[in-house]
Amino acid sequence: MKKAMIAISALTIGLVCQAAFGQTEEGITGRQILEKIDANEVTETQYMEIEMVMDRGGKRKPKTSDLKIWVKGKDNAAIEVTSGPDKGTRFLRLGDDLWIASREAEKPMKISGHMLRQGFLDSDWSYDDTTNNKPLAERFEAKIVGEEVKDGKKCWVMELKANDPDETYALQKLWVDQATYLPVYQELMALSGMLLKTMSYEDLKQIDGRWTPTRMTMKDALKNKTQTTIVVKDLKLDEEIDPKIISLEFVENVR
Amino acid sequence: MKAIRNIFSVLQFTRIFLALALLLFCLFSSVAHAEIYGYIEARLIRIEGLGPEMPLALPEEVKEMAPVPFPEYITYERFRPTLVEEIGEDGKISLTVTPEIHFIQYDGQNSDLMETDDYLNVERLYLDLDAGPARIRLGRQAINWGSALIWNPTDMFKEVYLTDYWAERKGINAVKVYVPLPEDFRLTVAASTGDTVFSDNRYAARASLARWGADMSVVWMDDAANDLLAWGVDVKGTAVIGYWVEAAMFAPKNRDYDPYYQAVAGVDYSFQVRDGLYIAAQYYYDQTGDSKREDYKWDEMQAGKRSTLATHYANLMATLSWNSEISGTINAIYNLDDQTAMASPYLTVTLGKFRVTAGANIPIGPEGGEFMPHPDQDAIGLVPDLTYYAWVRYYL
């Protein structure tokens, strides 16, 4: 079993943005925009059902997996694969610690920290893409470098530089919709400036009173023609989560 | 008639039986609305360097079990479905059943199917019960403890597969109770008994704590079957690289014998090469092993009481995921006492619900050691010069 985990980071950046549709603010700074994005992450809990479609390019048939995701606070999450070849596999994040349990292995295994950069369920998403949910404003210095129309939306174009050089994507370019403060497009780069991945956010829908993108596509720039799309099928916010789910019990008893 | 005979010679009884069993199982699971998963598998194993004569030194019980003459190739077919049925509406009770139907052929000839055990095992048959904060698993199950690769000193129900370390554990008759405790503590207690000898009991407890970036456990066991008491520790964490340490002390209840130790320490790391390059290295110490090859306890290995012979081992494993479908692994186990090694490279290709694996087990080193025994010196006579294999598995 190698790879795993879904986009809690991107999902919460993009997904759970409380879209305060409003006037474009004049003179706003990059940091203020990041703070607005972060401020939108106001839910204590999230429950999502998503479909992950891994398009391997060429004539190869895309691989599809369905997942259930529970998120509590900023860095606690549980994921269960409910369809596809990895059905039954579970992942748990508690703070900076990760565990995986599969039906084949029949025991939970703690995942070494360096595996955070590896892919999840053969997708273009890494463990870190999916679990790093720390506020953007704490992790990056941001400046507005321009304005562009992206996917029909008037956006700020922002450059983000990580405060910690060990950040997986130390440099980022982010297109933020000026009307909604929702990310529209993202380029993720190494410290050298080499493009590693891109992410697009699409299909805005209003769920529980919040505008959220329900389709996110990540492309790995280092791979040929592969991309992974996440489609949000269900999203529930601020509903109580069974404490047994966000705990080691979740991976101790895989059935 | 000749055509019919030819058809039957190709299909053979075993394959027809396998197909019927699959059909019946799927029909049953459909009627019962149960969840079903598992696989059908066919393996081909080619062995070089054995026989053809049975070594005279073999004990009678081993001679009875071994095919005569030794085969050059083995085919092995398995059907291993698992059925999970929720009992009741609240999901607090579930039943899991995993029968395994298997057939072995030596050099294309069916082995004698005299007993049901020759072709059918019930590998899992257990109830899961949610009882307040505790989760109870009762019945035939696998209990699988420890963080290290291949060798797990703290696994009180251990099985060691040097070359097929991802193989499923055999089912044991047991009850296991898991209790989550406050502050990330958790406790698991287990008791097991033998398949036919109900005095072969084992009792074990494992207390664990996730803290400071590591998962830490202490383990205790009372092994009535082997008249042993044991204590162990198991730590797995990350400090830039991943690390693990597992160690256990085994104390014979008969005080005429000295206690002994087993320990494993290892590290791993992964690199952004293609879809990921994973490298792990570990050291294994077994005080019951021997540093001199002339002292090796081959008879205990024959009897299945030990999986290795020496005291000090190193293990190196590397897996490169070329893309989401193709990966290659090499696993090498090096006997530091006699300088012999077993290298096991294999390639895995996954295409939809099919997975194909092909590989070899290659002994390396000077003749006369554990993995390269000299024919005259080797009392067991069952260590091949080379084994290569391929298997295809279809996931239900």
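What percentage of the 255 residues of chain A count as buried? In this predicted model, the share of chain A that counts as buried is 45%, and the chain is built from five helices and 13 strands. Its contacts also reach across the sequence, for among those in chain A between residues at least 6 apart, 54% join residues at least 24 apart.

A good place to begin within chain A is helix α2(A), which spans residues 30–39 and holds I37(A). The buried residues of this helix are G30(A), I33(A), L34(A) and I37(A). They lie on the same side of α2(A), because the arc that they cover around the axis is only 100°. I37(A) itself counts as buried because it has 23 C-beta neighbours inside 10 Å, where 20 or more are required. I37(A) also illustrates how distant parts of the sequence are brought together, since L136(A), 99 residues away along the chain, has its C-alpha 8.0 Å from that of I37(A).

Another residue of α2(A), I33(A), leads on to the nonpolar interior. The largest nonpolar core has 59 residues, and those with the most contacts inside it are I33(A), I69(A), W99(A) and V176(A). A second, separate core of 17 residues includes A148(B), I150(B), W151(B) and Y334(B).

W99(A) can be followed further, into the strands of chain A. Leaving aside residues up to four places away in sequence, W99(A) touches L92(A), P108(A), M109(A), K110(A), I111(A), L248(A) and V251(A). Strand β5(A), residues 97–101, runs antiparallel to strand β6(A), residues 108–111, and four bridges join the two. Within this pairing, L98(A) has I111(A) of β6(A) as its bridge partner. The two strands form a hairpin with six residues between them, and in this hairpin E106(A) takes a positive phi near 60°.

Turning to chain B, the reader finds three helices and 19 strands, and 28% of its 396 residues count as buried. Of the contacts in chain B with a separation of 6 or more, 52% are accounted for by residues 24 or more positions apart. Strand β1(B), residues 35–48, offers a way into this arrangement, being joined by twelve bridges to strand β2(B), residues 73–87, in an antiparallel pairing. In that pairing, A42(B) stands opposite E77(B) of β2(B). β1(B) also pairs with strand β19(B), residues 386–395, again in the antiparallel sense and over ten bridges, and here E48(B) has L386(B) as its bridge partner.

Where the two chains meet, the contact takes 26 residues from chain A and 31 residues from chain B. By class, the side of chain A that touches chain B has 14 charged, eight polar and four nonpolar residues.

How far the picture can be trusted is a matter of the predictor's own scores. For the complex, the predictor gives an ipTM of 0.75 and a pTM of 0.80. Chain B has an average pLDDT of 83, and 81% of the residues score at least 70. Over residues 6–11 of chain B, however, the pLDDT is below 50, and this stretch has one contact in the model beyond near neighbours in sequence. Where pLDDT is low, the predicted coordinates should not be read in detail.

Notes: Residues numbered from 1 in each chain as written. Chains lettered and ligands numbered in written order. Predicted model: local features only at pLDDT ≥ 70, side-chain atom pairs only at ≥ 80, totals over all residues. Buried ≥ 20, exposed ≤ 12 C-beta atoms within 10 Å, placed from the backbone. Contact = placed C-beta atoms within 7 Å. Nonpolar A, V, L, I, M, F, W, Y, C, P; charged D, E, K, R; others polar. Pairing = 2+ DSSP bridges. Core = buried A, V, L, I, M, F, W, Y, C linked by C-beta atoms within 7 Å. pLDDT = per-residue confidence, 0-100. Arc of directions from axis to C-beta.
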